[in-house]
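Me: I am new to this structure and should like to understand the terms used to describe it. May I ask about them one at a time?

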Amino acid sequence: MHITQGQFSFLPPLTDAEIRAQVDYAISRGWAVAIEWTDDPHPRNVYWHMWGAPMFEIKDGAAALFELQACRKACPNTYIKVNAFDNTRGVESAVMSFIVNRPVMEPGFGLIRQEAAGRTIRYTTRPYATERSGGYSND
Amino acid sequence: MTSIDLQQILTDANIGEVLDQLDQDLVGLAPVKQRIREIAAFLVVSRARQQLGLESAAPSLHMCFTGNPGTGKTTVAMRMAEILHRLGYVRKGHVVSVTRDDLVGQYIGHTAPKTREVLKKAMGGVLFIDEAYYLYRPENERDYGQEAIEILLQVMENNRDDLVVILAGYKDRMEKFFQSNPGMSSRIAHHIDFPDYSQSELVEIAGKMVSAMHYRFDDGALKAMAEYIDFRQKQPHFANARSIRNALDRARLRHASRVFDLAAGGKSKPTAGDLSTITEADIRASRVFDGGLNAELNADSKADL
């Protein structure tokens with residue numbers, strides 16, 4: 001199941017040149033670019049692992065791509081995203097976020113039913129990826 | 001046969017203007033200017049070859065500037081960055097100037113992130129490593145400098161399109177550094193040696209510096225400056241243009257206190273001319289005329305006897 005989160009997720013995967021162009025745009029607006037990765041693609045999972053500190057002082061998209069390459073090498077079979085943070089007063093939040101790497105197999109989500117008082121049923125979703133510790137990233 | 005308009009590339013890149021400015025702004029350095037012209041020509045030609053599909057890989061552009069202190073290595077590096085930027089070999093054209101301290105860490109695991117941080121900052125531009133030979137310390141085999149060199153080498157090879165590395169330092173030490181790091185030597189395409197300035201060139205430089213600071217020499221001062229340079233060149237720790245800059249800074253101090261005394265004495269009001277004219281006395285007051293450091297050392301050793 002192809003996860004659709006953040007920008008560009010309905011498009012075919014971005015090429016490295018396209019990723020660099022996006023990062024160059026973020027840099028031109030003065031945003032700090034960060035790389036994060038996770039094995040848990042749940043939409044409510046906001047705590048992805050940081051790949052190093054956000055890059056505040058870079059002048060060119062090649063630097064972000066350099067880190068992305070290193071991250072891909074270290075965690076090849078995980079989700080990796082690029083974030084851009086705008087520190088303008090009043091904005092102070094991530095203004096760009098797009099997935100740049102996915103596992104070969106994206107197992108999708110299971111629906112979990114919980115029987116509650118009466119005949120109420122509560123529903124929640126759980127990513128299959130988290131059923132195994134470390135997800136499917138070691139496959 | 002397809003033909004290509006070299007002139008077009010030249011005018012597009014506006015490269016002639018940068019080279020002419022280099023000629024005008026920098027005194028002397030004829031061999032350096034010649035080499036830079038050659039490199040610029042090579043880059044223009046390889047750009048043209050690329051457009052015709054004759055060349056696929058970008059040429060290696062890492063350089064090594066050797067020469068004594070104050071011979072203009074940093075200044076030329078800045079110009080080089082501009083030339084490379086105009087020709088499209090670096091995307092942003094900024095210069096990040098670092099020394100060993102910026103690359104090498106204090107403890108295990110500190111060096112790699114530190115070096116990578118600097119490299120990332122320099123991407124899209126030029127990384128200028130001053131006194132690069134300090135990276136390698138043969139007397140300590142556990143020195144972290146080696147780690148920085150390895151990361152540097154890797155990036156110089158793999159990210160050739162993203163940044164240009166310029167190493168700088170004394171010629172003899174740089175040669176020793178390359179002997180012990182052959183990998184570094186083979187990745188550097190252009191070695192440029194900066195000669196020392198002659199006395200007349202230094203006088204010209206002094207003149208340019210003074211007018212850049214909006215001062216001027218009177219006739220006596222100009223003669224005194226020429227003599228000063230003659231003396232200073234023979235004394236230890238002479239750092240070419242940098243020594244001249246320091247001498248001028250001290251002359252400005254003496255000039256300021258002279259003008260201040262004049263005004264404080266209430267004898268006369270200093271005019272705009274007084275405020276911007278460095279006189280012979282301002283320069284002749286330098287200890288260089290009494291033999292400078294040498295004389296002091298001699299005096300000391302005599303005192304010891």
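Me: What makes strand β1 (residues 32-38) of chain A count as mostly covered?

Reply: In this predicted model, five of the seven residues of β1(A) are buried. A residue is called buried if 20 or more other C-beta atoms lie within 10 Å of its own. Five of the seven residues meet that cut-off, and the strand is therefore described as mostly covered.

Me: Which strands of chain A pair with β1(A), and in what sense?

Reply: Strand β3 (residues 79-86) of chain A pairs with β1(A) in the antiparallel sense over seven bridges. Within that pairing, A:V33 has A:A84 as its bridge partner. Strand β2 (residues 49-50) of chain A also pairs with β1(A) in the antiparallel sense, over two bridges, and there A:W37 stands opposite A:H49. Pairing requires at least two bridges, so the two bridges between β1(A) and β2(A) satisfy the definition.

Me: How many residues join chain A to chain B, and of what class are those of chain A?

Reply: Eight residues of chain A are in contact with ten residues of chain B. On the side of chain A, five of them are nonpolar, none is polar and three are charged.

Me: What does chain B consist of?

Reply: Chain B has 15 helices and seven strands. Its C-alpha atoms fill a box of roughly 75 × 55 × 30 Å along the principal axes. Of the 305 residues in chain B, 32% are buried.

Me: Why are β2 and β5 of chain B said to stand at the edges of their sheet?

Reply: Five strands of chain B form an open, parallel sheet in the order β2-β3-β4-β1-β5. β2 (95-98) and β5 (190-194) each have a single partner strand, so one side of each is left without a neighbour in the sheet. On average, neighbouring strands of this sheet are turned by 20 degrees against each other, direction ignored.

Me: How do you know that β3 and β4 of chain B pair?

Reply: Strand β3 (residues 126-130) and strand β4 (residues 164-169) of chain B share five bridges in the parallel sense. At least two bridges are required, and therefore these strands count as paired. B:I129 stands opposite B:L167 in β4(B). Helix α4 (residues 73-86) of chain B packs on the sheet, touching β1 (63-67), β2, β3, β4 and β5 of chain B. The direction of α4(B) makes about 165 degrees with that of β3(B).

Me: Why is helix α10 of chain B called oblique to helix α12 of chain B?

Reply: The axes of α10 (residues 199-212) and α12 (residues 240-264) of chain B come within 10 Å and cross at roughly 45 degrees. Angles under 35 degrees count as roughly parallel and 65 to 115 as roughly perpendicular; the angle of roughly 45 degrees fits neither range, and α10(B) is therefore oblique to α12(B). The crossing is right-handed. In α10(B), B:L202, B:I205, B:A206, B:M209 and B:V210 meet B:A241, B:I244, B:R245 and B:L248 in α12(B). This contact has eight nonpolar, no polar and one charged residues.

Me: Why is B:L262 called partly exposed?

Reply: B:L262, in helix α12 of chain B, has 14 C-beta neighbours inside 10 Å. A buried residue needs 20 or more and an exposed one has 12 or fewer, so B:L262 counts as partly exposed. Beyond four places away in sequence, B:L262 touches B:K267, B:S268 and B:P270.

Notes: Residues numbered from 1 in each chain as written. Chains lettered and ligands numbered in written order. Predicted model: local features only at pLDDT ≥ 70, side-chain atom pairs only at ≥ 80, totals over all residues. Axes fitted to C-alpha atoms, helices over the stretch in contact; angles between N-to-C directions. Helix = DSSP H or I, 4+ residues; strand = E, 2+ residues; numbered from the N terminus. Parallel < 35°, antiparallel > 145°, perpendicular 65-115°, else oblique. Left-handed = near helix turned anticlockwise from the far one by under 90°. Contact = placed C-beta atoms within 7 Å. Nonpolar A, V, L, I, M, F, W, Y, C, P; charged D, E, K, R; others polar.
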